Amino acid sequence: MMNFDYYMPTKLVFGCGKVSLVGTYTAGFGKKAMIVTGRNSTKKTGLLDRVKKYLEEEKIEYHVFDQIEENPLTTIVAEGADYARRHGCEVVIGLGGGSAIDAAKGIAFLAVNDGDISDYIFGKPGHGALSIIAITTTAGTGSEGDSLAVLTNPETKDKKALKSPYVYPKVSIIDPELMTTLPQNLIAATGLDALCHAIEAYINKRSNPVSDVLALKAIEIISENLPKVYADPDDIEAWSHMALANTLGGMVIDSAGVTLGHGLEHSVSGLLNVRHGEGLAAILVVMMEYSYQASPVKFANIAKAMGVDTSNLSVEAAAANSIHAVKKLLDKLDLKFTLGSLGVKEEHIEWLAENCIKTMTYAISNNPKVPDVEEIKKLYRKCL
Ligand SMILES: [Fe+2]
């Protein structure tokens, strides 16, 4: 018998040009906003200026916090929360890729919860957050569709998500036109992150009928459209599909969770600050080879969703074909990374395996096949 909960309270505002509504939606939650963004990209593209103009049109006072870098730090979130409190901000607008949105969520949360955000990341309950508006410029993290904010503690190197119902964005504006200015290597890396979200949520022991439907659809959309936007970043039709799949990816990891791929990767980018999607590219095939025989029907369905003709194949053969399909996709996207090429060395493996158990046990235990610490070390070595 089916037995599950599904909860996703974010209003999704989807379509080309919809960023122009940011003032209107922000006005519903307050008159003082904080814009959380990166140092460069939204300035270079003119997007930050556009957002400021839309806020001015609605007479919303805004303060720009443009200190966000890839793999955002808990210390930046603490600075941002202090900034939000000092300026009396009521709404936090995350503008950019997953790093900007995750940082915005952390800031909105910490602005009303005392102490160190790392305590909340490791399970201390909070009691609220400032209102959050997410405007995503990448198709990767899916942060606009989930209650997660992945942050790295620079002292311990722990990279782990704050998961709190208070950090669901009130409104997420998903405007595919904003994605067309992404550099090609970021298109590939972020898109692969979205694919991993969908695959890991689908194979997750905690998946449910809603997340399964959404995850399979996301896998199908990404397989078809990620190579298109990679080859032609002006293909707005393909971008609109990718934008949808990205949000679906966020929704399914929110509901079902990630598994071994993210479990292994977070410790790598926590330690060495590598690009998340590139770390995943180095891990995904090894993770699938380790896992597919423990859930053959699901991996066979992944192969089918990725365009493999499985009609004359046994379930086991079809499942194995999901790995070939992923390898082909990685080739098309020029994602030829190993953990070695990203800077991981044999001397890091002990720390990585222990950190992975410390920070990502939940994800690893929900993988169809669950490795112990010795197997985790072997998996890392295979990715070198
Ligand atoms: Fe991810």
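1. Let me start with a pair worth pulling up on screen: Glu 70 and Arg 275 make a salt bridge, with their closest N and O atoms 2.9 Å apart. Keep in mind that this is a predicted model.

2. For the wider setting, the domain assignment splits the chain into domain 1, residues 11-179, and domain 2, residues 184-383. Their C-alpha centres sit 25 Å from each other. Between the two domains I'd note 4 salt bridges, along with 20 residue pairs in polar contact, both partners at pLDDT 80 or more.

3. Which elements give two or more residues to the side of domain 1 that touches domain 2? They are strand S1 (11-14), strand S6 (148-152) and strand S7 (159-163). By residue class, that side of domain 1 is a mix: 11 nonpolar, 10 polar and 9 charged.

4. On the contact itself, 30 residues of domain 1 meet 31 residues of domain 2. Putting the two domains together buries about 2,400 Å², and carbon and sulfur atoms supply 54% of that area. On the domain 1 side, the residues losing the most area to domain 2 are Ala 139, Lys 157 and Lys 159, which together account for 24% of what that side buries.

5. Lys 157 deserves a second look for its backbone too. This residue is not a glycine, yet its phi is positive, at about 65 degrees. You'll find Lys 157 in the loop between S6 and S7. Is Lys 157 buried, partly exposed or exposed? Its relative accessibility is 32%, so it counts as partly exposed.

6. Asp 334 is another non-glycine residue with a positive phi, here about 55 degrees. Asp 334 also belongs to a loop, the one between helix H13 (315-332) and helix H14 (349-365). With a relative accessible area of 44%, Asp 334 is partly exposed.

7. Last, have a look at Lys 298, in helix H12 (residues 296-305). Why does this lysine count as buried? Because its relative accessibility is 16%, and the cut-off for buried is under 20%. What does the side chain of Lys 298 pair with in a polar contact of 2.8 Å? The partner is the side chain of Ser 207. Setting aside neighbours within four places in sequence, Lys 298 is in contact with Tyr 202, Ile 203, Asn 204 and Asp 212 as well as Ser 207.

Methods. Residues are numbered from 1 along each chain as its sequence is written. This is a predicted model: local features need pLDDT of at least 70, side-chain atom pairs count only at pLDDT 80 or more; totals for chains, interfaces and linings use all residues. Side-chain values use heavy atoms; hydrogens and water are left out. Helices (H or I, at least four residues) and strands (E, at least two) are DSSP runs, numbered from the N terminus. Buried means under 20% relative accessible area, exposed over 50%, partly exposed in between (1.4 Å probe, protein chains only). A polar contact is a pair of N or O atoms within 3.5 Å; within protein, one must be able to donate a hydrogen and the other to accept it, and residues adjacent in sequence count only if both atoms are side-chain atoms. Contact means heavy atoms within 4.5 Å. Domain bounds come from an automatic or database domain assignment. Buried area is the accessible area (1.4 Å probe) that two parts lose on being put together, summed over both. A salt bridge is a side-chain nitrogen of Lys or Arg within 4 Å of a carboxyl oxygen of Asp or Glu. Ala, Val, Leu, Ile, Met, Phe, Trp, Tyr, Cys and Pro count as nonpolar, Asp, Glu, Lys and Arg as charged, and the others, Gly among them, as polar.
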